[in-house]
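Subject: Handover of a structure and the findings from it

Dear colleague,

Please find below the structure that I am handing over to you. My findings follow it.

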Amino acid sequence: MPEESVGEAVPEEVAGNGLRPPFHSLVARVADKAAEGGEDDVVPRLSMMMRKLSQLMSDDATQRVYRPRGWSHAGYRICVSLWVMGPMPSHQVTAMTNMGRATVSAALKRICDIGLVTKEPLEQDGRSVMVRLTPLGEQAIRESYAAHLAIEHEWFDMLTDVEKLVLLMLLEKLMTGRNGY
């Protein structure tokens with residue numbers, strides 16, 4: 001790897017592709033540091049690339065689907081969950097979306113105020129509410145999900161069907177093996 005002074009970017013060649021994007025150079029250097037310390041250099045690469053891919057896909061959906069349609073990321077996730085799972089108590093919405101109570105509460109208030117969901121007190125627990133999509137909410141999530149799915153195809157259609165299945169199996173293995181998600 002070429003020598004450089006602090007703060008000075010040194011471009012690295014990538015076969016047939018010109019210059020390596022800055023993030024890929026960072027990933028390579030983090031992996032190199034891990035290897036210098038006797039660690040496996042693949043794990044930091046995997047971790048950084050997975051996080052970056054997740055962020056890029058999230059940013060893409062935010063710019064092209066959520067924001068133009070007036071969704072927050074949290075509101076969208078809540079409405080998708082209600083759409084596919086049906087009405088549920090707010091604490092289940094929190095668990096289903098893997099978001100914190102404060103985030104869910106704020107998002108629920110907003111999407112309730114604009115008429116996408118309703119909240120009704122639960123008879124057996126006066127502190128909890130049952131959350132359900134309104135007809136307007138169902139229409140909005142159907143339309144938004146179609147646009148969201150089109151973006152997901154853009155991201156994953158560069159893989160073959162077999163590669164998609166292998167990636168899915170590996171991700172499921174990672175998620176179920178670590179914390180039982």
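Which residues are linked with D60 in a network of salt bridges? The network joins D60 to R64 and E154. Please bear in mind throughout that this is a predicted model.

Salt bridges

A search of the whole structure finds eight salt bridges. In general, side chains of opposite charge can pair when their charged atoms come close. Three of the pairs are described here.

The pair D60 and R64 belongs to the network named above. The closest N and O atoms of D60 and R64 are 3.2 Å apart. Both residues lie in helix α2, with their positions four residues apart in the count, or about one turn of the helix. D60 counts as buried because its relative accessibility is 15%, under the 20% cut-off. R64, by contrast, is partly exposed, with a relative accessible area of 39%.

In helix α6, R142 forms a salt bridge with E138. Here the closest N and O atoms are 2.8 Å apart. R142 and E138 are separated by about one helical turn, because they are four residues apart in α6. R142 is partly exposed at 46% relative accessibility, and E138 is also partly exposed, at 31%.

The third pair, D161 with K164, has its closest N and O atoms 4.0 Å apart. D161 and K164 are three residues apart in helix α7, so about one helical turn separates them. With a relative accessible area of 60%, D161 is exposed, whereas K164 is partly exposed at 27%.

Helix α6

Helix α6 runs over residues 135-156 and has 22 residues. From the first C-alpha to the last, α6 reaches 31 Å, close to the 32 Å expected at 1.5 Å a residue. Its buried residues are G137, A140, I141, S144, A147, H148 and I151. These buried residues are on the same side of α6, because they cover an arc of only 135° around the axis. What do the buried residues of α6 pack against? They pack against helices α2 and α3 (73-85) and against strand β3 (129-133).

Residue S81 in helix α3

Helix α3 is also where S81 is placed. Is S81 buried or exposed? S81 counts as buried, because its relative accessibility is 9%. Leaving aside residues up to four places away in sequence, S81 touches G86, M88, M96 and T97.

The nonpolar surface patch

On the surface, V42, L46, M50, L167, L171, L174 and M175 make a nonpolar patch of about 610 Å². Helices α2 (42-66) and α7 (161-178) each supply at least two residues of this patch. Which helix supplies the largest share of the nonpolar patch? That helix is α7, with four residues. One of the residues of the patch is L174, which lies in α7. L174 counts as exposed because its relative accessibility is 52%, over the 50% cut-off.

Helix α2 therefore appears in several of these findings: α2 holds D60 and R64, α2 is packed against by the buried residues of α6, and α2 supplies residues to the nonpolar patch.

With kind regards

Technical notes. Residues are numbered from 1 along each chain as its sequence is written. This is a predicted model: local features need pLDDT of at least 70, side-chain atom pairs count only at pLDDT 80 or more; totals for chains, interfaces and linings use all residues. Side-chain values use heavy atoms; hydrogens and water are left out. Patches are made of residues with over 30% relative accessible area and no salt bridge: like charges are joined within 9 Å, nonpolar side chains (Val, Leu, Ile, Met, Phe, Trp, Tyr) within 5 Å. Accessible areas come from the Shrake-Rupley method with a 1.4 Å probe; for residues, only the protein chains shown count as cover. A salt bridge is a side-chain nitrogen of Lys or Arg within 4 Å of a carboxyl oxygen of Asp or Glu. Buried means under 20% relative accessible area, exposed over 50%, partly exposed in between (1.4 Å probe, protein chains only). The expected span of a helix is 1.5 Å times one less than its number of residues. The arc is that of the directions from the helix axis to the C-beta atoms. Contact means heavy atoms within 4.5 Å.
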